[in-house]
Amino acid sequence: MTPELDALFDSATDDLAVGDLESAAVKYRQCVEKDPGFFEGWHALGMALMKTGRYPEAIDAGLRCVDLRPDDQLAWSSLSLFYVRNGNIKEAEAAGAKARILSWGGKVKKDAKE
């Protein structure tokens with residue numbers, strides 16, 4: 001991570017900590033625009049978007065996370081949460097099952113995402 005990206009991510013996290021969710025979301029989005037492979041940026045963006053009620057956008061960020069790290073339990077758990085908040089129960093259950101498989105030491109096929 002470049003020092004510029006690190007500073008931007010830290011600034012977004014500071015905004016999130018004080019409750020400025022919109023500013024945090026804007027900055028997290030800037031992070032992933034600068035580095036589309038930045039998993040932590042996508043995850044944080046998804047959480048900020050969820051907290052602002054922008055569930056479809058949060059789902060998109062969550063899908064990017066599981067694309068980047070298909071065997072990351074947190075990514076699947078978060079995606080499941082985003083789906084629940086959006087009312088997509090079937091998709092939430094599928095993502096949650098993948099998180100459980102990972103918690104048991106299993107693996108998720110890269111093309112098996114929801």
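**Figure 1. Residue A7 within helix α1 of the predicted model.** A7 sits in helix α1, which covers residues 3–17. Its relative accessibility is 46%, so A7 counts as partly exposed. A95 lies 88 residues away from A7 along the chain. The C-alpha atoms of A7 and A95 are separated by 32 Å.

**Figure 2. Helix α1 and its buried face.** α1 is built from 15 residues. From the first C-alpha to the last, α1 reaches 21 Å, close to the 21 Å expected at 1.5 Å a residue. Five residue names mark the inner side: L5, L8, F9, A12 and D15 are buried. Seen down the axis of α1, the buried residues fall within an arc of 115°, so they line one face of the helix. An α-helix has 3.6 residues a turn, so residues three or four places apart point the same way. What do the buried residues of α1 pack against? Their partners are α2 (21–34) and α3 (39–51). On the other side of α1, P3, D14 and A17 are exposed. After α1 comes G19. The phi of G19 is positive, near 90°.

**Figure 3. K34 in helix α2 and its contacts in α1.** K34 belongs to helix α2. With a relative accessibility of 48%, K34 counts as partly exposed. Which residues does K34 contact, leaving aside its neighbours within four places in sequence? They are E4, L5 and L8. Of these contacts, L5 and L8 are among the buried residues of α1. L49 is 15 residues from K34 along the chain. The C-alpha atoms of K34 and L49 are separated by 18 Å.

**Figure 4. Helices α2 and α3 side by side.** Two packed helices are described by the angle between their axes and the distance between the axes. For α2 and α3, the axes come within 9 Å and cross at roughly 150°. That makes α2 roughly antiparallel to α3. The crossing of α2 and α3 is left-handed. From α2, the residues that meet α3 are L21, A25, Y28, R29 and V32. From α3, they are G41, W42, A44, L45, A48, L49 and K51. L49 of α3 thus appears here as a contact with α2.

**Figure 5. Helix α4 and its buried side.** α4 has 14 residues. It reaches 20 Å from its first C-alpha to its last, close to the 20 Å expected at 1.5 Å a residue. In α4, A58, I59, A61, G62, C65 and V66 are buried. Around the axis they cover an arc of only 165°, which puts them on the same side of α4. What covers the buried residues of α4? The cover includes α3 and α5.

**Figure 6. Where α4 meets α5.** Helix α4 spans residues 55–68, and helix α5 spans residues 73–86. Their axes come within 9 Å and cross at roughly 160°. That makes α4 roughly antiparallel to α5. The crossing of α4 and α5 is left-handed. On the α4 side, the contact is made by Y55, P56, A58, I59, G62, L63, C65 and V66. On the α5 side, it is made by A75, W76, L79, F82, Y83, R85 and N86. Among the α4 residues in this contact, A58, I59, G62, C65 and V66 are buried.

**Figure 7. Where α5 meets α6.** Helix α6 covers residues 89–103. The axes of α5 and α6 come within 8 Å and cross at roughly 160°. The two helices are therefore roughly antiparallel to each other. α5 passes α6 in a left-handed crossing. The α5 residues in contact are Q73, W76, S77, L79, S80, Y83 and V84. The α6 residues are E91, A92, A95, G96, K98, A99, L102 and S103. W76, L79 and Y83 of α5 also take part in the contact with α4.

**Figure 8. S80, a buried residue of α5.** S80 is found in helix α5. Is S80 buried or exposed? At 13% relative accessibility, S80 counts as buried. Leaving aside its neighbours within four places in sequence, S80 is in contact with A92, A95 and G96. These residues of α6 are part of the contact between α5 and α6. A95 is also the residue whose C-alpha atom is separated from that of A7 by 32 Å.

Notes:
Residues are numbered from 1 along each chain as its sequence is written. This is a predicted model: local features need pLDDT of at least 70, side-chain atom pairs count only at pLDDT 80 or more; totals for chains, interfaces and linings use all residues. Side-chain values use heavy atoms; hydrogens and water are left out. Helices (H or I, at least four residues) and strands (E, at least two) are DSSP runs, numbered from the N terminus. Buried means under 20% relative accessible area, exposed over 50%, partly exposed in between (1.4 Å probe, protein chains only). The expected span of a helix is 1.5 Å times one less than its number of residues. The arc is that of the directions from the helix axis to the C-beta atoms. Contact means heavy atoms within 4.5 Å. Axes are lines fitted to C-alpha atoms, for helices over the stretch in contact, and angles run from 0 to 180 degrees between N-to-C directions. Angles under 35 degrees count as roughly parallel, over 145 as roughly antiparallel, 65 to 115 as roughly perpendicular and the rest as oblique. A crossing is left-handed if the near helix is turned anticlockwise from the far one by less than a right angle, and right-handed if clockwise.
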